[in-house]
Amino acid sequence: MKLVDFLFYFFGTLAVSSALMLAIVRHVFYGALLLIVCLLALAGIYVLAFAEFVAITQILIYAGGILVVIIFGIMLTTRSEKPLLVEHTNVFAGVFVALASFGGLVFLLNNESFRLADPFSGSTTLSHVNTIGVSLMTTYMLPFEVSGILLLMALVGAAVIASTIKRKA
Amino acid sequence: MMFPVDHALIIAAFLFSIGLLIVITKRNTILVLLGIELLLNASNLNLVAFNQLRPGTLDGQMFVLFVIIVAVCEAAVGLAIVLQVYQYFQTSIPDSVSEIKE
């Protein structure tokens, strides 16, 4: 087994097991930490798939941004000193739906075979970052600008929603 | 190097199912949000894996970047709503928030 395969299955096992623990764990803060582990493992898989820029974005934005915001949310919604434990509800329905979707997806994936046509032709370029930067400013100009406006709207909206200023009626 | 696309797709399917399980079973709004993030990541892994089937193009990776941007917006607005609901109802259990009147 080559090193690359070993790394792929290592990161895959890490992602799958941390996601499974996230479904089981009852401690909200541990849940957030397990999600960080899962996201970093996915970033490792992205690196192996020659998607370095996506991996860096994943680490910066997910593990650095979203998870920090989520941990702030956990701390602000925990009232007492004792840790916040979560109950599970609809366990039977949830497990049934999850198993059904997983079984259906694996069944559909088994019918098709996704193989690389030519393993030597793919992804030999040096810098994907350069290509991504150029295409963000040319081919993907409109989605880029629209997502900028979306980010602005979402941040302003979140600040307005979360502000605790009581207006006089 | 052969990137095992099949196995990446199976990992993504597993993560999607676990995200669905978390969204359905957890009785805490923040953990439900974590489950939604897991669903989005499963779709991102699918996009990156399918991008490997088309060497020389980067459409899948660009799509992943835009999905991440939308996930950021969703997390920010969702957590703002969670905080405000917590201040009003003093709980973060989604089932117990069932009225809208003042």
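Here is a quick tour of chains A and B, and of where they touch. This is a predicted model, where local features need pLDDT of at least 70, side-chain atom pairs count only at pLDDT 80 or more, and totals for chains, interfaces and linings use all residues. Residues are numbered from 1 along each chain as its sequence is written, while chains are lettered from A and ligands numbered from 1 in the order in which they are written.

**Chain A**
- An automatic or database domain assignment splits out domain 1 (1–87) and domain 2 (125–169) in chain A.
- Between the C-alpha centres of these two domains of chain A there are 23 Å.

**Chain B**
- Chain B has three helices and zero strands (DSSP runs, numbered from the N terminus: H or I of at least four residues for helices, E of at least two for strands).
- Its C-alpha trace spans about 60 × 25 × 15 Å along the principal axes.
- The radius of gyration of chain B is 17 Å, against near 13 Å for a compact globule of 102 residues (taken over C-alpha atoms, with a globule rule of 2.2 Å times the number of residues to the power 0.38).
- Of its 102 residues, 55% are buried, meaning 20 or more other C-beta atoms, placed from the backbone, lie within 10 Å of the residue's own.

**Where they meet**
- In all, 71 residues of chain A are in contact with 61 residues of chain B (C-beta atoms, placed from the backbone, within 7 Å).
- On chain A, the elements giving two or more residues to this side include α1 (3–24) and α6 (141–162).

Conventions
Buried ≥ 20, exposed ≤ 12 C-beta atoms within 10 Å, placed from the backbone. Contact = placed C-beta atoms within 7 Å.
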